[in-house]
Amino acid sequence: MSDVQNQAHAVLEGPDIHRALTRIAHEILERTKGAESVVLLGIPTRGATLARRLAERIAQFEGLKVPVGSIDITMYRDDLRLRPARPLGRTELPPDGVDGRTVVLVDDVLFSGRTVRAALDALNDVGRPRAVQLATLVDRGHRELPIRADYVGKNLPTSKAEKVKVYLEETDGRDAVLLIKEEAR
Amino acid sequence: MRHLISAGELSRDDALVILDTAEELARVSDRSIKKLPTLRGRTVVNLFYEDSTRTRISFEAAAKRLSADVINFSAKGSSVSKGESLKDTALTLEAMGADAVVIRHGASGAPHRLATWVHGSVVNAGDGTHEHPTQALLDAYSMRRRLGRLEGLKVAVVGDVLHSRVARSNVLLLHTLGAEVTLVAPPTLLPVSVETWPCQVSYDLDAVLPKSDVVMMLRVQLERMNASYFPSAREYSRRYGLDRDRFARLHDEAIVMHPGPMNRGMEISAEVADSPRSTIVEQVGNGVTVRMAVLYLLLGGSEPAIGGTA
């Protein structure tokens, strides 16, 4: 842990994350014309936290309670057989479901795009949204699939050897996005 | 390669991972599309040498919900009746590319032997009077769902312990998970080595009932009895059956379980079996979920996430 820390530097600090989420919340309101039929679905663990924070902001700005939930994608991953089976995250759909609504998927880091592809598959099994959009706190590039985000907190040019780690108050005790150089191995 | 042969080889962490995974998978059975793509292209063989309704169907449903291909094999009507050995049958299945073999066999230890012959995962679906680990897992899962916890839970397992693989698996698993098990049976229906099991033993059902949070009734396995273990069915039922009067002595939150199939009127009265505090039907539904969790954790990744080595 400690030698990794030495190699890491914070790209976004607490206030930066706060501002980015505030902007994304406004963009969602703007792009969806008031977020009337929006459902926010976070990808566990941190995407789910971010989705809740976005919902809080939207409520703050427009007094609108946007349904918020989470969708676990573990069972839909395309790399399941490359690693040991892993524990599942939580899927919690809003009571009214996603049919006919605009689903905004929320994830912390957008990288290869494979997680988002899995999320689209998972979404397909729980209902038929009218449209699906994607919000991500960090877009670090290196896409392997034709997927792009509609709302981006920060575009972060990275090399493939680097790692991006998102820490959030609710799960990790602090807000920060770290860029970690992985040469010390 | 890893298998699920005995509930005793599951660590506390393994067992909790299975129960937590099942908890998440339970949500899948509430959706309109009750299927996940996770085990696409994997083959699960149900190898059943003994009759079974719920276990076989439950494993089949679990594998299918995870998109695995399922091959059902029952000894009746197969080459087993021509004298084929378990090993040759196993090698045949292996050659057909089975990733997992779910086996039920009348001989205790058959899954253990099988595990040394095949490369795939072996899941014990009941071997003789030895073990039935997925039943114990689904029982623990059902208890946790109803009562919210397992730690410190007082569980009475009542009846034909001698012939019961369910009792042994439950004692081992519940002990691992921190519950206190008391076996209640006539002395003739307790195995010789029962004092080495991590549980209490009693001959007096009426004394145990008021202290129990869970009462698990076992089926009297007449088909395995080659001698008389009790004077008459009537007498057994009077001393060890769960009827209305005994049921009334349980505390208000206590639940009644039965692994099925039941002999109504023998170990459990129809009235008790159908009461809202009986989890018997629930246990069947939970069985599918728990078996999905087991199959996912054994086959879902590059290597199994649970279980002991055989």
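## Working through chain B

With 17 C-beta neighbours inside 10 Å, B:Gly260 counts as partly exposed. Keep that one in mind while you work through this predicted model.

**Exercise 1. Where does B:Gly260 sit, and which residues beyond its sequence neighbours is B:Gly260 in contact with?**

Step 1: Find the spot in the chain. B:Gly260 is in the loop that runs between strand 10 (255–257) and helix 10 (270–273) of chain B.

Step 2: Look for partners, skipping anything within four places in sequence. That leaves B:Arg54 and B:Ile280.

Step 3: Check the record. The unreviewed UniProt entry has a "binding site" annotation, and B:Gly260 and B:Arg54 are among the residues it covers.

**Exercise 2. Is B:Arg104 buried or exposed?**

Step 1: Place B:Arg104. You'll find it in strand 4 of chain B, residues 100–105.

Step 2: Count the C-beta neighbours inside 10 Å, which gives 26.

Step 3: Compare with the cut-off. A residue is buried if 20 or more other C-beta atoms lie within 10 Å of its own. B:Arg104 has 26, so it counts as buried.

Step 4: See who is around. Leaving out neighbours within four places in sequence, the contacts of B:Arg104 include B:Phe48, B:Tyr49, B:Glu50 and B:Thr55. B:Thr55 and B:Arg104 are both covered by the "binding site" annotation from UniProt.

**Exercise 3. Which domains does chain B have, and how many residues of each are in contact with the other?**

Step 1: Read off the bounds. Domain 1 of chain B takes in 2–131 + 284–309, while domain 2 spans 133–279.

Step 2: Get the spacing. Their C-alpha centres lie 25 Å apart.

Step 3: Count the contacts. On the domain 1 side there are 25 residues, touching 20 residues of domain 2.

Step 4: Ask what builds the domain 1 side. Helix 1, strand 5 (121–127) and helix 11 of chain B each supply at least two residues. By class, that side splits into 11 nonpolar, nine polar and five charged residues.

**Exercise 4. Which helix of chain B gives the most to the side that touches chain A?**

Step 1: Start with the totals. Here 18 residues of chain B meet 16 residues of chain A.

Step 2: List the helices that supply at least two residues each to the chain B side. These include helix 1 (12–25) and helix 11 (280–299).

Step 3: Pick the winner. Helix 1 gives the most, with four residues.

Step 4: Sort the chain B side by class. You get eight nonpolar, five polar and five charged residues.

Note on methods
Residues numbered from 1 in each chain as written. Chains lettered and ligands numbered in written order. Predicted model: local features only at pLDDT ≥ 70, side-chain atom pairs only at ≥ 80, totals over all residues. UniProt positions renumbered as here; feature names shortened; annotations may be inferred. Buried ≥ 20, exposed ≤ 12 C-beta atoms within 10 Å, placed from the backbone. Contact = placed C-beta atoms within 7 Å. Nonpolar A, V, L, I, M, F, W, Y, C, P; charged D, E, K, R; others polar. Domains from an automatic or database assignment.
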